[in-house]
Amino acid sequence: MRSDLIKKGFDKAPHRSLLKATGVIKSDEDFNKPFIGVCNSYIDLIPGHVHLQEFGRIVKEEVRKAGGVPFEFNTIGVDDGIAMGHIGMRYSLASRELIADSVETVAEAHRLDGLICIPNCDKIVPGMLMAAVRLNIPTIFISGGPMKAGYTPSGDVVDLISVFEGVGKYSTGEINDDKLKELENFACPTCGSCSGMFTANSMNCLMEALGIALPGNGSILAVDPKRHELAKQAASKIIDLINKDLKPRDIINKKSILNAFALDMAMGGSTNTVLHTLAIANEAEIDFELDELNKLAQRVPYICKVSPATKSVHMEDVDRAGGISAILKEISKIDGLLYLDSPTVTGKTLGENIAEAEIKDGNVIRTVDNPFSKTGGLAVLFGNLAPNGSVVKTGAVDPKMLVHRGPAVIFDSQDEALEGIRNGKLKAGDVVVIRYEGPKGGPGMPEMLAPTSEIMGMGLGDKVALITDGRFSGGTRGACIGHVSPEAAVRGPIAALRNGDIISIDIPNYKLEVELSQEEIERRLAELPPFEPKIKKGYLARYSKMVTSANTGAILSIKENQ
C-alpha cells in the first residue's frame with residue numbers, strides 16, 4: 001500500500017505515534033488497512049455544501065465498515081452566486097486550481113491509498129476531478145445533491161435565476177419591492193446545488209457519464225434520504241476499487257469524455273462544462289480539440305430541457321423522470337454514439353449501469369425521435385473574432401437569435417457593462433461586447449450572470465446578443481457567447497473591436513465574425529497599448545501570469561509563461 005510509507009517499519013514509529021494522536025487510529029490493526037482520504041468541501045458559505053459535514057460522517061462510517069481507515073480533510077469553496085458581480089468572482093475559476101493542488105498535496109504528503117471526494121458546486125467538482133486524474137489513485141465521487149426548486153405563495157416555480165432576472169425587472173419598474181423580496185425569500189428553499197441545469201448540476205451529471213460517480217449522483221436531491229444511501233454505497237465501493245487497482249485514468253479517457261459530452265449535448269448543460277472538461281483532459285494527458293464538440297452536436301439530439309432553458313423543469317423533475325441513466329439509455333439508441341463498454345466505479349460498464357433505466361415522464365425526457373432539437377444544446381463558434389473558438393449554450397437561445405447581425409456596443413469590463421445596461425445604452429439589435437474579462441484579463445474569467453440576467457429581465461433577451469472573453473453562469477440564457485479565444489488581454493481579435501463594428505453570429509453554422517478585413521484587425525491590434533493587469537499582488541496576480549486561454553481549459557502552465 002502507498003500508505004505503508006508512513007506506517008510500516010521501525011523507523012516509522014514517530015509517524016505512527018502522530019497518527020495515533022489523531023484519534024482516528026483505533027488499534028495497531030488499523031495500520032494493516034488502507035488509508036482512505038475523505039475529501040470534503042463543507043463550508044457554511046455555500047448552500048450546496050452546508051450539509052456536507054453530516055455527509056462526511058456517513059461516508060467515514062461506511063469506509064470503516066468496508067475495511068478502511070478514513071481520514072477526512074477539507075478544501076476551500078467559492079459560491080459563484082454570492083461572488084457574482086464584484087471582485088469575488090475573479091477568485092471563482094482561480095479557486096479550481098487551488099482545490100486541485102490542495103487535494104494533491106494532502107494525498108501525496110500522507111501517501112493515501114484512495115480517495116472519496118465529496119464536492120457539489122461550481123469549481124469544486126472539476127478541481128477535485130483534476131486532482132483525481134493527476135494523482136491517479138483509486139477514487140470515487142459522491143456529490144451533495146441538487147436543491148429543490150422554489151415555489152412562491154402564488155404557486156410560481158422559481159430558482160436562483162428568477163432572482164437575478166428579477167433584479168433586471170425591478171430596474172425597469174416591471175416588479176416592485178415586494179415582488180423582488182418574494183423571489184429572494186422563496187427561490188432557494190433548501191440546501192443543495194442550485195436547482196437547474198447550471199454548472200454544478202451539469203458537472204455532477206457528467207460524472208455519471210464519465211463513470212467516476214454512481215448512477216443517481218447528478219439528480220437525487222440533497223434533502224432526499226436516497227442521497228444518504230447513495231453516499232453509503234459510494235463509500236463501500238472504495239475498497240473494491242483499491243483491490244482491483246481501478247484508478248481514475250482507467251475510467252476517465254477519451255471515450256468516457258465523449259460519453260460525458262454526449263450527455264451534455266442531450267441536456268444542454270452549462271458552457272462551463274467545456275472549460276472544465278478540457279482542464280480535466282489536460283490533467284489526464286488526453287488530446288481533445290474543441291471542434292470535436294460540433295461533430296458530436298450534429299449526432300446528439302437535445303432531449304431534456306431544464307432550467308434555465310425552461311422555467312418549469314428542475315433537477316427533481318429529471319430525477320423523477322428516470323434520471324441521468326434514462327437520458328443515457330435513450331441516446332444510446334443512436335448507433336455508435338456512446339462507448340457502452342467504458343468501465344465505471346460501480347465495477348460494471350456504463351452500458352450495464354444504464355441497462356434497466358427507462359423514461360418515466362416523456363414531457364421531461366423526450367425520445368430521440370421526438371427531441372426538443374435535432375442537434376445538441378452546446379456549440380463552439382469559430383471565425384475571425386474567435387480563431388481558437390467560443391462557446392454558446394444553444395439550448396437556451398431564442399430561435400430568433402440563432403442568426404444575428406448587429407452593431408457592437410463595447411465595454412472593457414463587466415462593471416462598465418452593468419452600468420451601461422442600467423443606463424439604457426442598449427437597443428434592440430445590438431451586440432454587447434464585454435472584454436478584458438478572460439482568464440488573464442479578468443483575471444479569473446468572471447461569470448456574466450448579472451448582465452445577462454438584467455438583459456433578460458429588461459425584455460431584451462430575444463433582441464440583443466452578448467459576446468465576451470469571460471464566461472457565463474450555467475444559469476445564463478439568451479444569445480450569450482463566451483470563452484472567446486484568444487482573449488483581449490493577449491491581443492485576441494476581440495480587443496480590436498470598436499463601437500459600431502458589425503458583428504455576425506451564425507450559431508447553426510458555428511460562425512462568429514466581425515465585418516472587418518484581417519489587415520484592419522491586425523492594424524488596430526498593433527496600435528493597442530500593452531495590457532496592464534488589473535491586480536498586481538497576491539494569488540490572482542500569480543494566476544494571471546500563469547493561466548492559459550479558455551480554449552485550453554484555462555489551466556495553469558509553467559511552459560507558456562517562462
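Before you start clicking, one cut-off: a residue counts as buried under 20% relative accessible area, as exposed over 50%, and as partly exposed in between. That is why Asp 245, at 44% relative accessibility, goes down as partly exposed. Keep in mind that this is a predicted model.

**Stop 1: Asp 245.** Select Asp 245 and look at the loop between α10 and α11 (248–251). Check the backbone here: phi is positive, about 55 degrees, although Asp 245 is not a glycine.

**Stop 2: Arg 111.** Now jump to Arg 111, in the loop between α5 and β3 (114–118). Its phi is positive too, near 50 degrees, and again the residue is something other than glycine. Arg 111 has 21% relative accessibility, so it counts as partly exposed.

**Stop 3: helix α5.** Arg 111 follows α5, so step back along the chain and select residues 92–109. Those 18 residues reach 26 Å from the first C-alpha to the last, close to the 26 Å expected at 1.5 Å a residue. Which residues of α5 are buried? Among them are Ser 92, Leu 93, Arg 96, Glu 97, Ile 99 and Val 103.

**Stop 4: Thr 75.** Two of those α5 residues, Ile 99 and Val 103, touch Thr 75, so select Thr 75 next. You'll find it in the loop between β2 (69–74) and α4 (80–83). With a relative accessible area of 7%, Thr 75 is buried. Its other contacts include Cys 39, Asn 40, Ser 41, Ile 124 and Met 128.

**Stop 5: the largest pocket.** Select Thr 394, Gly 395, Ala 396, Val 397 and Asp 398, which lie nearest the centre of the largest pocket. The pocket holds about 510 Å³ of space and has 32 lining residues. By class, that lining has 16 nonpolar, 11 polar and five charged residues.

**Stop 6: the second largest pocket.** This one has about 430 Å³ of space. Of its 20 lining residues, pick Pro 215, Gly 216, Gly 322, Ser 325 and Asn 353, the closest to its centre. Helices α10 (225–244) and α16 (323–331) are the elements that give two or more residues to the lining. The lining divides into five nonpolar, eight polar and seven charged residues.

**Stop 7: two cis peptide bonds.** Where is Pro 443? It sits in the loop between β10 (431–434) and α19 (449–457), and the bond leading to it from Gly 442 is cis, with omega near -15 degrees. Finish at Pro 486, in the loop between β12 (480–485) and β13 (502–506). The peptide bond from Ser 485 to Pro 486 is cis, with omega near 0 degrees.

Note on methods. Residues numbered from 1 in each chain as written. Predicted model: local features only at pLDDT ≥ 70, side-chain atom pairs only at ≥ 80, totals over all residues. Heavy atoms only, no water. Helix = DSSP H or I, 4+ residues; strand = E, 2+ residues; numbered from the N terminus. Buried < 20%, exposed > 50% of the residue type's maximum accessible area, 1.4 Å probe, protein only. Contact = heavy atoms within 4.5 Å. 1 Å grid on protein atoms, 1.4 Å probe; cavity = no way out; pocket = protein on both sides within 12 Å on 5 of 7 lines; lining within 4 Å. Points joined across faces, edges and corners; volume = space filled by probe spheres on them. Nonpolar A, V, L, I, M, F, W, Y, C, P; charged D, E, K, R; others polar. Expected span 1.5 Å × (residues − 1). Lists of a residue's contacts leave out its neighbours within four places in sequence.
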